Each structure stands twice: as structure tokens, then as C-alpha cells.
Amino acid sequence: MLLRMRSITKQFPGVKALEDVNFDLFEGECHALVGENGAGKSTLMKILSGVYPCGSYEGEIFIDGEQKCFYSVKDAEKAGIAIIFQELSLVKELSVAENIFLGREPSRFGMINRDLMERKTQEILQDLHFSIDPRTPIGELSIGKQQIVEIAKALSKQARILLLDEPTSALTESETETLFEILKKLKKRNVGMIYISHKLEEVFSISDRITVLRDGKTVKTDLKENLTKNQVISLMVGREVESVFPKISHSFGDVALEVKNLNVYDTEAPNKRILKNISFHVCKGEILGIAGLMGAGRTELLRAIFGDWNGKVTGEIFIEGKKVTINSPLDAIRNKIAFVTEDRKRYGLVIEKSIFENTTLASLKKFAKGFVTDKIAEIKATQELMDSLKIKAPSPFATVENLSGGNQQKVVLGKWLLTNPKIMFLDEPTRGIDVGAKREFYFQIDSLAKQGRAIVLVSSELPEVLGLSDRILVLHEGRITGEFLRSEATPEKIMQAATGL
Ligand SMILES: Nc1ncnc2c1ncn2[C@@H]1O[C@H](COP(=O)(O)OP(=O)(O)OP(=O)(O)O)[C@@H](O)[C@H]1O
Ligand SMILES: [Mg+2]
């Protein structure tokens with residue numbers, strides 16, 4: 001037995017995150033850890049990786065039968081444990097190589113040996129089939145690419161136990177496949193892996209055993225062969241789950257948003273167009289899905305319309321038939337556009353503030369009472385959101401930083417729902433959200449459309465785009481290469497358009 005965690009209990013102020021949890025791992029095994037948002041998965045991994053030091057939890061950890069006590073992440077690393085965190089933890093200002101070797105830079109005569117560091121980085125990245133200049137600053141990479149750098153960083157530590165906390169939430173299908181190839185290689189080298197994911201297809205494809213956590217307790221550990229997806233879902237949520245998608249039947253109103261001949265230029269290379277002659281519209285009451293591979297320009301399209309693009313943008317935007325100028329996100333909000341972003345850390349949340357301060361951030365005007373804000377109304381509205389979106393937290397006063405990843409994403413959504421937008425941009429809105437909450441969320445989106453809001457949905461999860469959209473646009477290398485009505489869209493047609501065939 002490579003790893004055994006016994007009777008782990010972890011208490012936060014007001015929250016028992018883990019209670020008497022047992023978990024073990026064999027050499028060369030991939031053991032999946034699943035459960036709803038807030039079930040305690042990340043907390044268990046943070047205990048194992050030394051983020052929560054010995055003494056801050058109850059229970060015991062054994063590696064190769066020997067009891068261990070980690071006081072820091074470094075300690076755990078020495079014992080061969082590496083973790084890929086759920087939230088990206090790279091330093092934006094540093095280069096790829098500097099991030100990978102942060103704190104363990106190869107040096108000669110007290111000087112950092114940059115050449116060696118960059119060469120080693122190149123080797124690791126090549127192993128991952130990922131070509132990128134090791135000197136590129138992390139901040140310039142897309143989230144997906146940053147995620148791969150995180151993985152490269154963990155791999156470079158020669159870990160015997162690798163913890164992956166939702167590693168693929170920002171990866172494309174082909175990147176995920178690459179990752180799985182690597183994980184299979186590591187398995188052969190006897191590395192043990194703990195794999196956390198809300199994507200059950202992945203869990204069933206890569207894992208040997210599955211453990212389900214619910215409300216901080218282990219409810220099941222078994223071989224994958226002995227479980228079905230539906231069983232796992234029921235174990236996670238503690239009840240049977242009905243169909244995931246609402247029955248979509250929307251009646252459209254007038255055109256809410258129209259974009260004509262939009263061209264978006266690269267921020268670095270001002271002559272390079274990353275979006276070319278984009279024209280489309282979305283009606284009141286319609287859900288317009290935008291599909292495409294990573295790098296196709298989907299996020300850039302939303303950001304450009306939202307006034308959140310640093311490079312040049314040309315073209316025309318009409319809202320309810322009226323031409324508008326949007327130069328900043330504030331202009332966009334004034335025009336009743338809301339934007340639920342994919343990167344909650346960067347644009348979505350003020351992490352050190354409370355839930356209610358975050359949810360009301362974009363709609364403070366609504367809560368104004370003379371020169372002050374009506375705190376009671378703010379808190380009441382937040383409590384309602386917490387109930388309807390099932391945000392798991394002790395109260396509206398809880399700090400967002402202390403919420404589980406999925407619950408943070410729900411706070412972002414709630415914030416924009418309170419602005420009462422006419423047009424909603426959703427960029428990978430369900431990333432990191434568990435199956436049960438996803439369903440809640442889909443029904444919310446559906447009812448928003450039924451209230452006459454125009455929804456633009458970007459998602460890398462094809463079932464999500466197909467299941468929710470009335471109409472689907474496909475982007476490929478900055479151009480629209482396909483448009484399908486709900487009734488005619490199939491995964492094959494969309495993939496063909498997305499790959500430019
Ligand atoms: N630092 C903290 N302070 C207070 N409460 C915390 C802290 N970290 C986590 N919690 C709480 O502990 C519980 C478990 O959180 P955890 O992050 O482990 O969930 P998770 O299973 O990883 O969920 P997700 O799928 O959303 O990532 C949640 O109720 C969360 O709010
Ligand atoms: Mg988590």
C-alpha cells in the first residue's frame with residue numbers, strides 16, 4: 001500500500017469539512033475522488049499535500065506503511081507528493097520555465113542557470129507534446145495552456161503520488177487525451193494518482209477505483225467495474241437525479257444584440273486579426289451557443305463586445321436596434337450586458353471579501369438608499385441567491401476565499417443575475433460545478449431565457465451547447481464556420497465546422 005489516510009477529520013470555523021474519512025492508494029493506481037461541490041475533496045488533498053499542516057486536522061497519514069506528518073508543501077514534496085491545485089497557482093509575471101522551477105531553480109556558483117532551466121523545461125513540455133517557448137510569461141497564456149504548465153510543474157518534481165484536482169476543467173478534448181496518455185505512462189512507472197473531477201466520463205475512463213464523498217464523509221469506495229455512472233451520481237447527491245437538461249422551447253422576441261463585421265486585433269501584433277468579419281445576432285428569449293476549439297476566438301469575441309479588449313476592435317454593435325459604442329465593461333453593464341467569465345480569479349471575484357459583497361458588486365446602484373447602500377436588502381437578495389443556486393456556505397458573510405471551487409463559480413453567476421441583465425454572456429459557466437448543481441444552473445438559464453433575456457453561451461462541453469442552445473454558431477480560427485438550428489445540430493457537424501473541414 002503506497003498511501004493510507006486514516007480517520008481524517010477537518011474542522012473549519014462553522015464547517016466540518018471532513019469527518020472520519022479513510023482513503024488509500026496503491027502503486028500504479030489511479031484512484032478517483034468524486035463528490036458534490038463542497039463535499040471535501042480539495043480539503044482532503046490539501047491535508048495530504050501539506051497545505052494544512054500536521055496538527056490542524058485529526059487522523060493519520062501513512063506512506064509505505066510509515067506514519068508521516070507534513071508541516072508544509074515542501075515537506076510533502078520531499079515524501080514524493082505533488083499536487084496540481086484546482087485554482088491555478090502560477091505567478092503571472094514569471095516565465096513558463098521560472099514557474100516550473102520556482103523555488104528550486106538549478107544554479108551554479110549561486111547564480112540561476114537559466115539555460116539549463118529553460119532546456120529542462122523544454123524537455124518536460126516536449127514529453128507533454130506541448131510546444132511553447134519556456135521564456136513566455138505565464139500571463140500571456142490561455143487558461144488551458146496555463147493548466148498544462150501546472151501539470152508540467154508537478155511532473156518535473158518526480159512525484160510518486162500525484163494529486164490532480166480537476167486538471168482538465170480548462171483543457172480541450174485533445175489536450176485531455178494527451179494528459180491521459182501521460183497519466184498512463186506514469187502508471188506504468190508505478191506512480192499513484194488521485195484524480196478529482198466532475199466529469200464522470202473521464203473518471204470512468206482513467207480510474208481504477210472510485211471513492212465518493214458526501215458532506216465530508218466517505219459513502220463508497222469500490223472498483224470502477226463494480227459501479228455505474230448513475231450509481232455514482234446518486235451516491236454523490238444522495239438521491240436519484242432526473243434528466244439533466246430542461247426541455248428547451250423558447251419563443252423569441254426582437255433582436256436583442258446584433259454584431260456587424262466585427263474585427264478584433266491582437267494586443268501584441270496590432271496588424272494580426274484574431275476575429276475576422278464576425279456578424280451575428282441573438283434575439284430576446286434565445287440561447288445562442290458558441291462552439292469551437294480552444295483558441296478559436298470565443299472568449300475574445302465576448303470580451304471584445306463587452307469592451308474588455310486591449311487591442312483594436314472595429315465593426316458595429318446594435319442593442320435593440322440602436323447602434324451603441326462600448327469602450328469599457330462599464331459601458332457594457334450600462335447597456336445591460338452581463339458577463340460570467342471563465343476565469344473567476346481574474347475578473348469574477350474579490351476573493352478576500354464576503355459572499356454578499358461580491359454578489360452585489362455589479363448592482364450596487366440597485367441597493368442604493370440615499371448615499372448609502374441598503375445592507376439588509378443586499379443580504380436578503382444574497383440569501384435568496386444562495387438558496388436558489390444552492391451555494392454551500394455558512395452565511396452571506398462567509399469569505400469567498402473559503403468556499404469550494406464550484407461554490408465560488410456560483411457566486412460569480414449570482415453576482416450577474418442580480419444586475420438583471422438583458423443580455424448575458426456566459427463563458428464556460430459550469431466549469432467545476434458538480435452534476436446536481438449543473439442541472440440547477442441549466443434550469444436557471446432556461447428560465448432566464450423564458451423571461452426574455454438573450455443568452456450567449458460559450459462552452460467546450462459539447463453536450464452542454466447541444467442541450468441548451470436554440471441555435472449554435474461555430475468558430476474556427478477567428479471566423480464563423482457553421483451555424484445550426486437546435487433541430488439540425490449534431491456533434492459530428494459541429495466538430496467538422498470547429499476543425500475547419
Ligand atoms: N479555508 C476554509 N475556511 C472555511 N471553510 C472552508 C475552507 N476551505 C474549505 N472550506 C469548506 O469546507 C467544505 C469542503 O470544501 P472543499 O473545497 O474541500 O470542497 P470540494 O469537494 O473540493 O468542492 P468543489 O467540487 O466545489 O471544488 C466546504 O463547505 C467549504 O466551504
Ligand atoms: Mg475542490
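A crossover is called right-handed if, with the strands pointing away from the viewer, the path from the first strand over the helix to the second runs clockwise. Helices (H or I, at least four residues) and strands (E, at least two) are DSSP runs numbered from the N terminus. The model shown in these views is predicted, so local features need pLDDT of at least 70 and side-chain atom pairs count only at pLDDT 80 or more, while totals for chains, interfaces and linings use all residues. Residues are numbered from 1 along each chain as its sequence is written, and chains are lettered from A and ligands numbered from 1 in the order in which they are written.

**View 1. A right-handed β-α-β unit is made by β9, helix α6 (residues 173–188) and β10.** Strand β9 covers residues 161–165, and 5 of its 5 residues are buried, where buried stands for 20 or more other C-beta atoms within 10 Å of a residue's own, exposed for 12 or fewer, and partly exposed for values in between, with C-beta atoms placed from the backbone. In a regular strand the side chains alternate between the two faces of the sheet. In β9 both faces are covered, with Ile161, Leu163 and Asp165 buried on one side and Leu162 and Leu164 buried on the other.

**View 2. The neighbours of β9 are seen within an open, mixed sheet of 6 strands, in the order β6-β9-β10-β3-β11-β12.** Its edge strands, each pairing on one side only, are β6 and β12 (217–223), and neighbouring strands of this sheet are turned by 15 degrees against each other on average, direction ignored. Such angles run from 0 to 180 degrees between N-to-C directions, and the axes are lines fitted to C-alpha atoms, for helices over the stretch in contact. Two strands are taken to pair if DSSP finds at least two bridges between them. Strand β6 (residues 81–84) pairs with β9 in the parallel sense over 4 bridges; isoleucine 81 has isoleucine 161 as its bridge partner in β9, and isoleucine 84 has leucine 164. Strand β10 (residues 192–196) also runs parallel to β9, to which 5 bridges join it, and methionine 193 in β10 is the bridge partner of leucine 162.

**View 3. An open antiparallel sheet is formed by 4 strands in the order β2-β1-β4-β5.** The edges are β2 and β5 (66–68), each of which pairs on one side only, and the average turn between neighbouring strands of this sheet is 30 degrees, direction ignored. Strand β1 (residues 3–12) and strand β4 (residues 58–63) are joined in the antiparallel sense over 5 bridges, and the bridge partner of leucine 3 in β4 is isoleucine 63.

**View 4. Ligand 1 is surrounded by 21 residues, of which Asn37, Ser42, Thr43, Ser404 and Gly406 are the closest.** A residue is near a molecule or strand if its C-beta atom, placed from the backbone, lies within 6 Å of it. At least two residues of this shell come from each of β2 (15–25), α1 (41–48) and α14 (405–417). The shell divides into 6 nonpolar, 12 polar and 3 charged residues, with Ala, Val, Leu, Ile, Met, Phe, Trp, Tyr, Cys and Pro counted as nonpolar, Asp, Glu, Lys and Arg as charged, and the others, Gly among them, as polar.

**View 5. Helices α1 and α14 are shown with their burial.** Because 8 of the 8 residues of α1 are buried, this helix is largely enclosed by the rest of the structure; among those buried residues are Lys41, Ser42, Thr43 and Lys46. Glycine 50, which follows α1, has a positive phi near 85 degrees. In α14, 13 of the 13 residues are buried, and this helix reaches 19 Å from its first C-alpha to its last, close to the 18 Å expected at 1.5 Å a residue, the expected span being 1.5 Å times one less than the number of residues.

**View 6. Leucine 385 lies in helix α13 (residues 375–388).** Leucine 385 counts as buried because 23 other C-beta atoms lie within 10 Å. The C-alpha atoms of leucine 385 and leucine 418 are separated by 8.7 Å, although these residues are 33 residues apart along the chain.

**View 7. Glutamate 320 and glutamate 477 each have a positive phi.** Most residues other than glycine have a negative phi, and most peptide bonds are trans. Glutamate 320, in the loop between β16 (313–319) and β17 (322–324), has a phi of about 50 degrees and counts as partly exposed, with 17 C-beta neighbours inside 10 Å. Glutamate 477, in the loop between β23 (471–476) and β24 (479–485), has a phi near 45 degrees and is partly exposed, with 16 other C-beta atoms within 10 Å.
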